[in-house]
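Thanks for sharing this one. Here are some notes to read alongside the structure, set out as numbered points.

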Amino acid sequence: AEDEELLEYFSLFAGIALSNARLYEFVVDSGNKAMDLFNMAQGGGGAHKPNGSAANFFGLVPTAKELAEYETIALTDKEKTDVLTVHFNPHEYSLATDCHRRVVPLFVHLFQAAGLTDKYRIPVDVLERFFICCKKKYRMVPYHSVTHAFDVTQTLYLYLYQCGVKEKLTEFEAFILMVSGVLHDIDHMGLNNSFHFKAETPLGVLSAASGAQSVLEVHHCNLSIELLGISECDIFCNLTKDQKKEAYKCLIYNILATDMAKHKEFVDNFKAMSEEGYDKSNPEHRRLASALLLKCADISNVTKPFDISRLWGIAATEEFFVQGEAEKLNKVELTPAFQKEKGMELAQSQLGFINFMVAPMLGVCIDGVFTELEPFRATLKSNVAKWEQMLETHKKVDA
């Protein structure tokens with residue numbers, strides 16, 4: 001069965017964060033974790049709940065003083081309003097700015113604005129600790145940082161609660177989709193799956209040995225399960241046993257769907273499903289819809305206002321070049337597009353990404369089920385025109 005395959009998949013990856021001292025506890029406790037996941041997915045009781053002591057020791061769970069410091073951060077009325085619109089600029093809160101700590105209360109505000117804290121009885125201090133821990137576990141990399149996680153989560157808020165796409169799912173699935181946005185790239189190293197295989201990193205070796213391909217996505221799921229297993233950060237604390245079982249199934253499925261190697265498979269399946277007719281009463285239809293919404297949000301930066309979108313393009317390119325240097329240092333096969341000396345024009349790379357990946361998927365989603373997202377396609381078309389104009393200008397200059 002699919003659920004049993006997922007469980008087997010994750011038991012093989014227990015304790016994969018060998019290089020991270022703050023997660024040493026997870027390695028030691030890997031056997032308990034595999035059994036906990038099995039019991040949870042089967043709806044059984046008795047799941048082990050870490051007391052947080054080791055996590056506290058390694059500085060993951062915030063101290064009372066640290067939590068109090070975050071609680072003193074007061075969002076302005078403008079911030080509270082802007083973050084609920086498509087014009088919000090997440091780059092103003094990147095790790096390179098003095099405002100990066102404000103991303104925690106912004107996360108909280110999104111969940112409160114969506115009514116999730118009240119609906120699922122999430123204690124505010126637990127929610128704050130959860131977001132602080134997430135922020136700590138995202139690395140300082142050019143693109144896949146906590147800023148990206150916030151951008152994806154904020155985009156999902158727009159999809160679900162501003163555009164009204166939540167009507168295509170259950171309230172609970174919308175909640176888990178928001179959580180998936182927060183966690184989907186946690187502890188991303190700025191290096192893709194291919195690099196981990198080529199360089200034979202610990203994650204790559206373990207993946208190769210198990211026959212798995214989604215190196216990073218499994219890692220993100222693994223850490224998500226660990227984080228939610230810490231009582232101080234357990235935002236699922238007031239869910240019923242059956243709700244928790246469903247929450248973890250949805251969370252794992254959503255995050256695994258973000259593996260770009262599976263992109264065509266998911267888009268093709270969604271297209272076939274939508275051509276037959278989307279049926280909200282069909283849980284498999286809703287499951288696939290949730291996954292596609294996360295995938296759309298994950299690469300939605302090209303659908304945002306151009307000035308914001310352009311900065312995301314620069315960040316992604318910078319991260320590619322970092323991997324290119326890592327490939328040279330490790331003497332592995334080089335990825336041509338990641339070599340700075342051979343790097344293509346930013347406009348050209350953005351147009352290639354849009355035309356090959358984003359536009360086709362967005363078209364399938366909007367034309368098939370999510371008609372409410374049409375404004376994002378309109379912005380994408382506007383951005384394409386601007387990139388094409390820039391590319392043409394550069395060609396004339398180089399001629």
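**Notes on helices and two loop residues**

1. Let me begin with α11, which has 13 residues and spans 19 Å from its first C-alpha to its last, close to the 18 Å expected at 1.5 Å a residue. Please keep in mind throughout that this is a predicted model. The helix is mostly covered, with 12 of its 13 residues buried. Among the buried residues are Phe172, Glu173, Phe175, Met178, Ser180 and Leu183, so a glutamate and a serine are on that list along with phenylalanine, methionine and leucine.

2. Follow the chain out of α11 (171-183) and you enter the loop that leads to α12 (193-198), where Asp187 sits. Its backbone deserves a look: Asp187 has a positive phi of about 65° although it is not a glycine. For background, most residues other than glycine have a negative phi. Is Asp187 buried or exposed? Asp187 counts as buried because its relative accessibility is 2%, and the cut-off for buried is under 20%.

3. A second residue to view with Asp187 is Arg121, found in the loop between α8 (116-119) and α9 (124-137). Arg121 is also not a glycine, and its phi is positive, near 50°. Here the surroundings differ: Arg121 has 51% relative accessibility and therefore counts as exposed, since the cut-off for exposed is over 50%.

4. Now to Gln323, a residue of helix α18 (residues 306-329). With a relative accessibility of 2%, Gln323 counts as buried. What is Gln323 in contact with, leaving aside its neighbours within four places in sequence? The partners are Gly190, Leu191, Asn192, Phe195, Thr335 and Phe338.

5. Next, a helix pair. The axes of α16 (residues 263-276) and α17 (residues 283-298) come within 10 Å of each other and cross at roughly 130°, which means that α16 is oblique to α17. The crossing is left-handed. From α16, His263, Phe266, Val267, Asn269, Phe270 and Met273 take part, and they meet His285, Leu288, Ala289, Ala291, Leu292 and Lys295 of α17. By type, the residues of this contact are eight nonpolar, three polar and one charged.

6. Helix α20 (residues 374-398) has 25 residues and reaches 36 Å from first C-alpha to last, close to the 36 Å expected at 1.5 Å a residue. Which residues of α20 are buried? They are Phe376, Arg377, Leu380, Asn383, Val384, Trp387 and Leu391. These buried residues pack against α10 (146-162), α18 and α19 (346-368). As a general reminder, an α-helix has 3.6 residues a turn, so residues three or four places apart point the same way.

7. My last point takes up α19 and α20 as a pair. Their axes come within 10 Å and cross at roughly 160°, so α19 is roughly antiparallel to α20. This crossing, too, is left-handed. On the α19 side the contact includes Leu346, Leu351, Ile354, Val358, Leu362 and Ile366, while the α20 side includes Phe376, Arg377, Leu380, Trp387 and Leu391. The residues of the contact of α19 with α20 divide into 14 nonpolar, three polar and four charged.

Note on methods:
Residues are numbered from 1 along each chain as its sequence is written. This is a predicted model: local features need pLDDT of at least 70, side-chain atom pairs count only at pLDDT 80 or more; totals for chains, interfaces and linings use all residues. Side-chain values use heavy atoms; hydrogens and water are left out. Helices (H or I, at least four residues) and strands (E, at least two) are DSSP runs, numbered from the N terminus. Buried means under 20% relative accessible area, exposed over 50%, partly exposed in between (1.4 Å probe, protein chains only). Contact means heavy atoms within 4.5 Å. Axes are lines fitted to C-alpha atoms, for helices over the stretch in contact, and angles run from 0 to 180 degrees between N-to-C directions. Angles under 35 degrees count as roughly parallel, over 145 as roughly antiparallel, 65 to 115 as roughly perpendicular and the rest as oblique. A crossing is left-handed if the near helix is turned anticlockwise from the far one by less than a right angle, and right-handed if clockwise. Ala, Val, Leu, Ile, Met, Phe, Trp, Tyr, Cys and Pro count as nonpolar, Asp, Glu, Lys and Arg as charged, and the others, Gly among them, as polar. The expected span of a helix is 1.5 Å times one less than its number of residues.
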